[in-house]
Amino acid sequence: MVKFGYTILYVEDVEKSIEFYENAFGFSRKFIVPGNDYGELSTGETTLSFASKKLAAENIKDGFIESTLEDKPFAIEIGFITDEVGELVQKATSLGAVLVKEPTKKPWGQIVAYVRDLDGFLIEICTEVEG
């Protein structure tokens, strides 16, 4: 059996990123390792993790494309489900997230909005998909 365990975002400052996600989305901290190079948040079944770019560079010898707010987002997003999309978007942007798309109702009834976090990662904030 295979289980999806976690997603790791490579960030400039693990502590700062974890604090943002705690404050903006209400997730709780599992831990941050001594030296602040890696940390995890409890988000439900799947863990959201953060690794410093320094640690990532040690693990990926050929390098990687860094996420920044100055560049377009990667062709991937993380999604957070809530009944209060507009309120969560407002809270996240008040804490430093950048609004990409205001909440919009999709033809299938779902409300979807997009923001980018402090490191430029794309976040979908949406209602549950019905059906």
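**A guided tour of the chain**

Begin with the charged side chains: the chain carries 13 positive and 23 negative charges, and the mean positions of the two sets lie 2 Å apart. Please note that this is a predicted model.

Next, display the whole chain as a cartoon. Three helices and eight strands should appear, and from one end of the sequence to the other they follow the order β-α-β-β-β-α-β-α-β-β-β. The radius of gyration is 15 Å, close to the 14 Å that the globule rule gives for 131 residues, so the chain is as compact as a globular protein of that length. Along the principal axes, the C-alpha atoms fill a box of roughly 45 × 40 × 25 Å.

Now switch on the surface. Its accessible area comes to about 8000 Å², and carbon and sulfur atoms account for 53% of that. Of the 131 residues, 38% count as buried.

Hide the surface and select Leu9, Tyr21, Phe25, Phe50, Phe80, Ile123 and Ile125. Within the largest nonpolar core, which has 25 residues, these touch the most other members. Then colour the elements that each supply at least two residues of this core: strands S1 (6–11), S4 (47–52), S5 (78–81), S7 (111–116) and S8 (122–126), together with helices H1 (14–25) and H3 (85–94). H1 gives the largest share, six residues. In soluble globular proteins, nonpolar side chains tend to be buried together.

Finally, centre the view on Leu9. Which residues is Leu9 in contact with, leaving aside its neighbours within four places in sequence? They are Tyr21, Leu48, Ser49, Phe50, Ala51, Ile78, Asp117 and Phe121.

Definitions and conventions. Residues are numbered from 1 along each chain as its sequence is written. This is a predicted model: local features need pLDDT of at least 70, side-chain atom pairs count only at pLDDT 80 or more; totals for chains, interfaces and linings use all residues. Side-chain values use heavy atoms; hydrogens and water are left out. Helices (H or I, at least four residues) and strands (E, at least two) are DSSP runs, numbered from the N terminus. The radius of gyration is taken over C-alpha atoms; the globule rule is 2.2 Å times the number of residues to the power 0.38. Buried means under 20% relative accessible area, exposed over 50%, partly exposed in between (1.4 Å probe, protein chains only). Accessible areas come from the Shrake-Rupley method with a 1.4 Å probe; for residues, only the protein chains shown count as cover. Lys and Arg count as positive and Asp and Glu as negative; His and the chain ends are not counted. The place of a charge is taken as NZ of Lys, CZ of Arg, CG of Asp or CD of Glu. A nonpolar core is a set of buried Ala, Val, Leu, Ile, Met, Phe, Trp, Tyr and Cys residues joined through side-chain atoms within 4.5 Å. Contact means heavy atoms within 4.5 Å.
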